[in-house]
Amino acid sequence: MILILLGPPGAGKGTQARLIMEKTGLVQLSTGDMLREAVAAATEQGQAAKAAMEAGALVSDDVVIAITAERIEKEDCRDGFILDGFPRTVAQAEALDRMLDEKGCRLDHVIEIRVDDEELVKRIAGRFVCTKCNENYHDPFKRPAIEGTCDKCGGTKFIRRNDDREETVRARLAAYNRETAPLLPYYQARGVLRSIDGMNPIGEVAKEIELLLAG
Ligand code: ADP
Ligand code: ADP
Ligand code: ZN
């Protein structure tokens, strides 16, 4: 199964992708995580991406398409994958269509997670992430079961992303509305788009996605 999670920054794409991964075994492909790793490792792609990420702008299509194309060739993607944060522009969506055509694969679902701007700002302001496994947490919505210890990997180091500051968040929301929102009619026209209410608690959103994938 090939699944895209679409939605503005903070909507819960990463959170839901990881829950779907636990339930189905499908791998989560987060372009944001891949780009942050590339920046940390100071690869050529990371150096090209760094300034845009810090400014809350999108990284160039070329870089993101290359990273994704390379990633989906790996063995763990053979039975499908969950795309979290890709595509984010029509050019990326068209490139994905070509990649899937070449592999003889088809896109099964595009799930839009809808959340109001005010709630997005709250979610991003409270987000912190395990440095070891990238699990997302939230103060106060989703705290680790044992204070200071990651539920998933036992890691004890957490960070707040430096693009989660309020000025940058506004730029990211604007980028979503300008460049990513046009993907909604794009996928609507292909009959694969489903929209869900992302304002509910994490478990309820997960249930709704589960029903949708089953149906
Ligand atoms: P995205 O990947 O879309 O940017 P995340 O999955 O990182 O979003 O979620 C943003 C923040 O909001 C995280 O701190 C996460 O723990 C929290 N969160 C995610 N889904 C919900 C929800 N349904 N209700 C409350 N908080 C949520
Ligand atoms: P969020 O879900 O909170 O928006 P991500 O971790 O998905 O954050 O992305 C962080 C940043 O990485 C984005 O603001 C953007 O600069 C870059 N990025 C991630 N995915 C893409 C993409 N598909 N195209 C362009 N830039 C991307
Ligand atoms: Zn962890």
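**Where does ligand 1 sit?** In this predicted model, ligand 1 sits in the largest pocket. That's a good place to start looking around. The space taken by ligand 2 is the largest pocket too, so to speak of one ligand's surroundings is to set up the other's.

**View 1. The neighbours of ligand 1.** Zoom in on ligand 1 and you'll find 19 residues surrounding it. The closest are Lys13, Thr15, Arg127, Tyr137 and Asn200. Sort this shell by class and you get seven nonpolar, eight polar and four charged residues.

**View 2. Backbone contacts of ligand 1 with glycine 12, tyrosine 137 and isoleucine 202.** Here the protein backbone does the touching. A polar backbone atom of tyrosine 137 is 2.6 Å from an oxygen atom of ligand 1. Over at glycine 12, a polar backbone atom is 3.0 Å from an oxygen atom of the ligand. Isoleucine 202 also has a polar backbone atom in the picture, this time 3.4 Å from a nitrogen atom of ligand 1. On its own, ligand 1 has 560 Å² of accessible area, and the protein covers 94% of it. Two elements give two or more residues each to the shell around ligand 1: helix H1 (13–24) and strand E6 (136–138).

**View 3. The neighbours of ligand 2.** Now move over to ligand 2, which has 20 residues around it. Thr31, Ala57, Gly85, Arg88 and Arg172 come nearest. Helix H2 (residues 31–40) supplies the largest share of this shell, with four residues. Going by class, the shell around ligand 2 splits into eight nonpolar, five polar and seven charged residues.

**View 4. Polar contacts of ligand 2 with lysine 13, arginine 36 and glycine 85.** Two side chains and one stretch of backbone are the things to spot here. Lysine 13 has a polar side-chain atom 3.1 Å from an oxygen atom of ligand 2. Arginine 36 does something similar, with a polar side-chain atom 2.9 Å from an oxygen atom of the ligand. At glycine 85, look at the backbone instead: an N or O atom there lies 2.9 Å from a nitrogen atom of ligand 2. Taken alone, ligand 2 exposes 550 Å², and the protein buries 97% of that.

**View 5. Lysine 13 beside both ligands.** One last stop, back at lysine 13. This residue is among the closest to ligand 1, and a polar atom of its side chain lies 3.1 Å from an oxygen atom of ligand 2.

How values were computed:
Residues are numbered from 1 along each chain as its sequence is written. Chains are lettered from A and ligands numbered from 1 in the order in which they are written. This is a predicted model: local features need pLDDT of at least 70, side-chain atom pairs count only at pLDDT 80 or more; totals for chains, interfaces and linings use all residues. Side-chain values use heavy atoms; hydrogens and water are left out. A residue is near a molecule or strand if one of its heavy atoms lies within 4 Å of it. A polar contact is a pair of N or O atoms within 3.5 Å; within protein, one must be able to donate a hydrogen and the other to accept it, and residues adjacent in sequence count only if both atoms are side-chain atoms. Accessible areas come from the Shrake-Rupley method with a 1.4 Å probe; for residues, only the protein chains shown count as cover. On a 1 Å grid over the protein atoms alone, a cavity is a set of points where a 1.4 Å probe fits but cannot get out, and a pocket is an open set with protein on both sides within 12 Å along at least five of seven lines; lining residues have an atom within 4 Å of a point. A molecule sits in a cavity or pocket if more than half of its atoms lie within 2 Å of its grid points. Ala, Val, Leu, Ile, Met, Phe, Trp, Tyr, Cys and Pro count as nonpolar, Asp, Glu, Lys and Arg as charged, and the others, Gly among them, as polar.
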